[in-house]
Amino acid sequence: MKRLSILLAGSALAISAQAVNWVEVSESSSGSIFSIDLDSIESSDISIIDEKDVENITVSILRTYPKDKDDSKEEKSNIDHSEQQLLISCKDASYYRRAFVNYDAEGKVTKSWQSEKPILTTKDFKVTTPKTVGRTVIEQSCKDYEQDEEQ
């Protein structure tokens, strides 16, 4: 089952593996760097059952965790970076995480997950708070999508 989960999450993130154009968007207070793959931003055909007339987009996000400077820590995270695929509503700056894959420093998958929800509602989306990393990532993704649509 774990192997199937890794395969499914990997296939959901296959776009980012094929067309990678990472652009750094923000840095968290803990030192994590958040980037978006400009080539992965596209309109989504996933329907939200209680909101029919809203166009949502998908985007691949890369979170690179800071390196531990203190080797004496007993319990260190083994996550080097994480790729996530988000479904974004630009209308209200909200998102739904569709999948993620965590990697260690050697590039080995440490954990993966893919949503199994066949139907989404607006309650599945998390609204981001202004002036946070999440809101910055959402706003930049929407801005890049709109600019690409205008060209």
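This is a short walk through salt bridges, a buried tyrosine, two unusual backbone angles and a charged patch in a predicted model.

**Stop one: the salt bridges**

How many salt bridges does the structure hold? There are three, and each gets a visit.

Start by selecting Lys91 and Glu51. Their side chains meet in a salt bridge, at 2.6 Å from N to O. Lys91 sits in the loop between strand S5 (81–89) and S6, while Glu51 is in the loop between S3 and S4, so this pair ties together parts that are 40 residues apart in sequence. Switch on a surface and look at the lysine end: Lys91 counts as exposed, at 60% relative accessibility.

Next, pick Lys67 and Asp80. Here the side chains form a salt bridge with an N to O distance of 2.5 Å. Both Lys67 and Asp80 lie in the loop between S4 and S5, so the pair ties together parts that are 13 residues apart in sequence. Are the two partners buried or exposed? Lys67 is exposed, with 56% relative accessible area, whereas Asp80 counts as buried at 15%.

For the third pair, select Lys117 and Asp124. Their side chains meet in a salt bridge at 2.3 Å, again N to O. Lys117 is partly exposed, at 43% relative accessibility, and Asp124 is buried, at 18%. Keep this pair on screen, as both partners come up again at the next stop.

**Stop two: Tyr96**

Now center the view on Tyr96, which belongs to strand S6 (residues 94–103). With a relative accessible area of 10%, Tyr96 is buried, because the cut-off for that label is under 20%.

What does Tyr96 touch, leaving aside its neighbours within four places in sequence? Its contacts are Gln85, Leu86, Leu87, Trp113, Ser115, Lys117, Leu120, Asp124 and Phe125. Show those as sticks, and you'll find that Lys117 and Asp124 from the third salt bridge are among them.

If you'd like a distance to draw, try C-alpha to C-alpha from Tyr96 to Gln85: the two are 8.7 Å apart in space and eleven residues apart in sequence.

**Stop three: two positive phi angles**

Most residues other than glycine have a negative phi. With that in mind, go to Ala93, which has a positive phi of about 55° although it is not a glycine. You'll find Ala93 in the loop between S5 and S6; that loop also holds Lys91 from the opening pair. Ala93 is buried, with a relative accessible area of 10%.

Then jump to Lys131. It isn't a glycine either, yet its phi is positive, at about 65°. Lys131 is in the loop between strand S8 (126–127) and helix H3 (133–150). Is Lys131 buried or exposed? At 84% relative accessible area, Lys131 is exposed.

**Last stop: a negative patch**

Finish by coloring the surface by charge and selecting Glu55, Glu146, Asp148, Glu149 and Glu150. Together these residues form a negative surface patch.

Where does Glu55 sit? Look in the loop between strand S3 (42–43) and strand S4 (56–64), the loop that also carries Glu51, the partner of Lys91. Glu55 counts as partly exposed, at 47% relative accessibility. Leave Glu55 and the other members of the patch highlighted, and you can compare them with the three salt bridges from the start of the tour.

How values were computed. Residues numbered from 1 in each chain as written. Predicted model: local features only at pLDDT ≥ 70, side-chain atom pairs only at ≥ 80, totals over all residues. Heavy atoms only, no water. Patch = residues over 30% accessible without salt bridge, like charges linked within 9 Å, V, L, I, M, F, W, Y side chains within 5 Å. Areas by Shrake-Rupley, 256 points an atom, 1.4 Å probe, with all protein chains shown as cover. Salt bridge = Lys/Arg side-chain N within 4 Å of Asp/Glu carboxyl O. Lys, Arg positive; Asp, Glu negative; His and termini not counted. Charge placed at Lys NZ, Arg CZ, Asp CG, Glu CD. Helix = DSSP H or I, 4+ residues; strand = E, 2+ residues; numbered from the N terminus. Buried < 20%, exposed > 50% of the residue type's maximum accessible area, 1.4 Å probe, protein only. Contact = heavy atoms within 4.5 Å.
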